Amino acid sequence: MTSQPKTSTGASSLEPSCPDCRAEIGHSHREGCDVARCLATGLQRLGHDETCPCPQDTWSGLWPGEAECIEFGWMYGPGLPDLNRLLTTAAWDPVAHRWTRPAES
């Protein structure tokens with residue numbers, strides 16, 4: 001297994017396709033994809049309420065939440081986003097379809 005080259009931000013290079021459903025960058029994930037997110041909640045789409053009106057998630061080339069972890073500086077190290085911190089600290093914005101940093105107290 002080869003390691004991914006790192007960008008100047010410490011993120012992995014963009015993956016040309018989703019590691020689960022193989023959707024290409026900018027294309028919708030396929031039904032049953034483990035990586036796809038519910039755009040209403042930010043959580044895994046697989047198994048979410050079928051009545052949810054959220055639009056289809058598209059593959060960005062990065063793991064869900066990785067871009068926000070880079071933006072917030074929540075990284076364990078180069079290419080290792082702290083997704084646990086993201087899920088427990090940030091808030092999902094269902095309009096912008098992204099995680100937002102909590103207001104500083």
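Student: Why does Phe72 count as buried?

Tutor: In this predicted model, the relative accessibility of Phe72 is 7%. Buried means under 20%, so Phe72 is buried.

Student: What makes Trp74 buried or exposed?

Tutor: The relative accessible area of Trp74 is 3%. That value is set against the cut-off of under 20% for buried, and therefore Trp74 is buried.

Student: What kind of aromatic pair do Phe72 and Trp74 form, and how do you know?

Tutor: The ring centres of Phe72 and Trp74 are 4.9 Å apart, with 65° between the planes. Centres must lie within 6.5 Å for a pair, and planes over 60 degrees apart count as edge-to-face. Phe72 and Trp74 are therefore an edge-to-face pair.

Student: Why is the pair of Trp92 and Trp99 called edge-to-face?

Tutor: For Trp92 and Trp99 the centres are 5.2 Å apart and the planes are at 70°. The same two limits apply, within 6.5 Å and over 60 degrees, so this pair is edge-to-face. Both tryptophans, Trp92 and Trp99, are buried. The count of aromatic pairs comes to 2.

Student: Which residues make up the largest nonpolar core?

Tutor: The largest nonpolar core has 11 residues in all, among them Phe72, Trp74, Trp92 and Trp99. Cys38, Cys52, Cys54 and Cys69 are included too. Cys38 touches Cys52, Cys54 and Trp92, among others. In soluble globular proteins, nonpolar side chains tend to be buried together.

Student: Why is Cys54 in no disulfide with Cys52?

Tutor: The closest cysteine sulfur to that of Cys54 is in Cys52, 3.6 Å away. A disulfide needs the sulfur atoms within 2.5 Å, so the distance is too far for a bond. Cys54 has 11% relative accessibility and therefore counts as buried.

Student: How many disulfides are there by this rule?

Tutor: The count comes to 0. Cys33 is in none, as the nearest cysteine sulfur, that of Cys18, is 3.6 Å away, and the limit is 2.5 Å. With a relative accessible area of 2%, Cys33 is buried.

Student: What is the volume of the largest pocket, and which residues are closest to its centre?

Tutor: The volume of the largest pocket is about 390 Å³. It is lined by 24 residues, of which Arg37, Trp63, Pro64, Gly65 and Glu68 are the closest to its centre.

Student: Which elements give two or more residues to the lining of the largest pocket?

Tutor: These are α1 (66-72), α2 (83-89) and β4 (98-100).

Terms used
Residues are numbered from 1 along each chain as its sequence is written. This is a predicted model: local features need pLDDT of at least 70, side-chain atom pairs count only at pLDDT 80 or more; totals for chains, interfaces and linings use all residues. Side-chain values use heavy atoms; hydrogens and water are left out. A nonpolar core is a set of buried Ala, Val, Leu, Ile, Met, Phe, Trp, Tyr and Cys residues joined through side-chain atoms within 4.5 Å. Buried means under 20% relative accessible area, exposed over 50%, partly exposed in between (1.4 Å probe, protein chains only). Contact means heavy atoms within 4.5 Å. Rings of Phe, Tyr and Trp (its six-membered ring) pair if their centres lie within 6.5 Å; planes under 30 degrees apart count as stacked, over 60 as edge-to-face and the rest as tilted. On a 1 Å grid over the protein atoms alone, a cavity is a set of points where a 1.4 Å probe fits but cannot get out, and a pocket is an open set with protein on both sides within 12 Å along at least five of seven lines; lining residues have an atom within 4 Å of a point. Grid points are joined across faces, edges and corners, and a volume is the space filled by probe spheres set on the points. Helices (H or I, at least four residues) and strands (E, at least two) are DSSP runs, numbered from the N terminus. Lists of a residue's contacts leave out its neighbours within four places in sequence.
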